[in-house]
Structures are given as structure tokens and as C-alpha cells.
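This briefing collects local features of one protein structure for use alongside its sequence. The topics run from the surface to the interior and then to backbone geometry.

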Amino acid sequence: MTRLTRKLAAAVAGAALLAHPIAASACTSIFIKTGDGGYIYGRTMEFGIPLSSEAIVIPRNLEFTGTGPDGKQGTGLQWKGKYGVVGLNAFGMSIVADGMNEKGLVGGLLYLPALAQFQDVSEADAAQSIASFELLTYLLTSFATVAEVKEGLPKIKVNRAELGQIKAPLPIHVPLHDATGASIVIEYIAGELKIHDNPTGVLTNGPAFDWHLANLGQYVNLSPTEPQSIKVGDLTLSAPSTGAGLHGLPGDVLSPSRFVRAFFFSHYAQPPATTTEGLQTVRHIMNNFDIPPGAVVTSADSAAGGGVNGIEITEWTTYADVKNARYYFSTYDNPAVQVIDAGKVNLDAKAPVIYPVAKMAAPIAIGQ
């Protein structure tokens, strides 16, 4: 990238940042490769009101009927799911807010307020549409790979049905990854479907994904390597501590800053040899995005607030091993990692099964 190109990217990124409010919901997701042919997905979920999430298993071969543009469940698309899905739901609904199917297709719903605008669906097309909050469930039950999603998703529409808890369409975009390592970002901008290839494996919130890629050009100077000292006559100027190669890495919780941090932490991570090591690496990376209570207060009056008044916390963090179809998570109330093994749960049940998550880890008494 030339100096002129970097300046142009920075100018474009800055203009877009002024034009679009930054999303309040501070979700962050990454995807890394392991040396044994596996991939590990990680993401945090932040929201201004409690999601009351539970673990959910959606069996294969279930019949679904989506929500139509009138907001009524059952007036939208009818489809038969091919694949079983494990993940976490929200608001007691039989859908996934984040999850993975038995083939290793994995992803989540990440907030994109003030930018996400879904398709204008006529009454005649209602039966070929779903609501935005149903999108991930449709994708994970219907497709095995990113390539299949690229081919199949344009055949349906995502309408503007409201989610009752926010009294508006759920403004989301979706990172999606598969067992081959392919990654995409799905967005609906100005009523049009956009599917972006994602070479970074990273996604946060607004602005739109292509803005985040342009913005990375402002940080190409960052490196894990320590800079050389400078001699000025008899004076030697050296960095005051290790970590100077990443001087200038943005540390706030705005989504552009989190995108940059997530990219460099995952890009420069030592390649894990196994999926077990990969899970450890992703856990340590995701720890950097845990938001303590009181640090972010959202307002429904702000476009970035996404219609929510509240205090954001990291409600849960997920870690998915796509090679072995194991889906791990920890919650705000319980830092102990819990797991759903897609190879051991019943994916031939007749209805979704919801499991309450463990609320508190038992303390360990050392030396007793």
C-alpha cells in the first residue's frame, strides 16, 4: 500500500465514521487456524438489556416457519432444516443468537444499528422472507459451507419485522465461517444484501465491514517487534517497556478500535499447534474485550444506542472448535467454561431443547 493509498483510505474511513454512528452493542468476533487442520471461532456478546440467554440444541430435519413482514410468526418462509445446531439463544426464543451446526458452519448475530436496513418485502413475497433475528438460525440449519450460503441466501429475503424487545427490526450483520477456513460477512445495507469475503476473520459492529478493512490501513505500522533504539549524540533513546511495537493501538471500546485490536491480536498470535491450544489462544484474546459494568451506558435516544437504554456488559463469550464440533461458552455470572458437544447431544429429537446455563462456578479451596 503506497503512502497516497494509505492517506486516501484514512480519509475515506474518517468520512464514513463521521457519517455513521458507531454501534453501542460492543460485540467482537475472531476466527483463527490451528496446526492440526482446525479452526477456532470466538466472540463476545454485549447488550444494554439482559438477553437471558440459554444453551439451545436445534435438531436436524425440523420444520420451520419464519416471521413475515407483518411481524406475525408463521407468515414467512417455510423451510426444513438439514443440520443440527448448538448455540445460545436470547429472550427465551427457539433461535440462535450465536451458534454452530454439525458440519462446522459457525457464526453470530452482531449489532449494526443505524446502518442495517433490510429488504422491502411485498405481501406477495412474504412467504419467501424471514425476520432478521431468524437469519442465523436459517443459515445454520440450511447450509454446510460458506460457498453454499453464497449461493442460497440471495434466493430468500430478510424483511423488516420488529423484534418486540426493542420495538424495531433487529439491526444486525453476521460473521460466518466454515470448516474449510472460509469466512464471510453478511450485511443488509440500504435494503440490499451484501456478502463480503473476510480475509481477516474479524468483525465488530459499525460502520459497515468494508469501512473496517479500509481503516486497517491506518495501522500498518503496528508490529509485535520492539523498535530499535535511536542514538542522538551520546544519548540513547529506547522504549520505556516492552510492547512499543504496538504503540498507537487504539484502546477504547468503540467498534473500530475493537476491530483493529482484534485483528492484530489474532493476526500476530503464535500459530497454535492443536485445537486445544487454539481454544486457549482465543480465550486469552477474547479476554481483552470483556467490558466491566458501568463502562458503557447506552441511550435509546441515540442512533448508536439501537433503541436500548441500559448498561452494557459482556453477557457471554463463546469459543467454537469447528473441527470437533464442540461449542464452548462462559457467562458474566459464571467464568467457568461450559460446553455443548454436537457429537453427543441428540440431534434427532422432535423439537429444540433448551438448557439453563450454570449461573455460578463452585469456588475452589486451595490447600483443603
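Which residues make a nonpolar surface patch of about 360 Å²? The patch is made by Ile230, Val232, Leu235 and Leu237. The model under discussion is predicted, and the points below are grouped by topic.

**Nonpolar surface patch**

- Two strands, E15 (230–232) and E16 (235–237), each contribute at least two residues to the nonpolar patch.
- Ile230, one of the residues that make the patch, is located in strand E15.

**Strand E3 and its partners**

- Strand E3 spans residues 55–58, with Ala55 and Val57 pointing one way and Ile56 and Ile58 pointing the other way.
- Residues on both sides of E3 are buried: Ala55, Val57, Ile56 and Ile58.
- E3 pairs with strand E6 (residues 85–88) in the antiparallel sense, over four bridges.
- A second antiparallel pairing joins E3 to strand E21 (residues 353–355), over three bridges.
- Val57 takes part in both pairings: its bridge partner in E6 is Val86, and its bridge partner in E21 is Val353.

**Ser94 and its surroundings**

- Ser94 belongs to the loop between E6 and strand E7 (98–101).
- Is Ser94 buried, partly exposed or exposed? With a relative accessible area of 39%, Ser94 is partly exposed, because the value falls between the limits of 20% for buried and 50% for exposed.
- When neighbours within four places in sequence are left aside, Ser94 is in contact with Ile56, Ile58, Pro352 and Ile354.
- Of these contacts, Ile56 and Ile58 are buried residues of E3 that point the same way from the strand.
- Ser94 and Ser238 are 144 residues apart along the chain, and their C-alpha atoms are separated by 57 Å.

**Helix H2 and the nonpolar core**

- Helix H2 covers residues 135–142, and eight of its eight residues are buried, so the helix is largely enclosed by the rest of the structure.
- The buried residues of H2 are Leu135, Leu136, Thr137, Tyr138, Leu139, Leu140, Thr141 and Ser142.
- The largest nonpolar core has 91 residues, and those with the most contacts inside it are Leu135, Leu139, Leu176 and Ile186.
- In an α-helix there are 3.6 residues a turn, so residues three or four places apart point the same way.
- Leu135 and Leu139 are both buried residues of H2 and both appear among the core residues with the most contacts.
- Beyond its neighbours within four places in sequence, Leu135 is in contact with Ile130, Leu153, Val158, Ile172, Val174, Ile186 and Tyr188.

**Backbone geometry in loops**

- Where is the cis peptide bond with omega near -5°? This bond runs from Gly206 to Pro207, and Pro207 is placed in the loop between strand E14 (192–197) and helix H4 (209–216).
- Ser52 has a phi near 50°, which is a positive value in a residue other than glycine.
- The loop between strand E2 (39–47) and E3 holds Ser52, which is exposed at a relative accessible area of 51%.
- Ala325 also has a positive phi, near 55°, in a residue other than glycine.
- Ala325 sits in the loop between strand E18 (310–321) and strand E19 (326–331).
- With a relative accessibility of 12%, Ala325 counts as buried, because buried means under 20% relative accessible area.

Definitions and conventions:
Residues are numbered from 1 along each chain as its sequence is written. This is a predicted model: local features need pLDDT of at least 70, side-chain atom pairs count only at pLDDT 80 or more; totals for chains, interfaces and linings use all residues. Side-chain values use heavy atoms; hydrogens and water are left out. Patches are made of residues with over 30% relative accessible area and no salt bridge: like charges are joined within 9 Å, nonpolar side chains (Val, Leu, Ile, Met, Phe, Trp, Tyr) within 5 Å. Accessible areas come from the Shrake-Rupley method with a 1.4 Å probe; for residues, only the protein chains shown count as cover. A salt bridge is a side-chain nitrogen of Lys or Arg within 4 Å of a carboxyl oxygen of Asp or Glu. Buried means under 20% relative accessible area, exposed over 50%, partly exposed in between (1.4 Å probe, protein chains only). Two strands pair if DSSP finds at least two bridges between them. Contact means heavy atoms within 4.5 Å. A nonpolar core is a set of buried Ala, Val, Leu, Ile, Met, Phe, Trp, Tyr and Cys residues joined through side-chain atoms within 4.5 Å.
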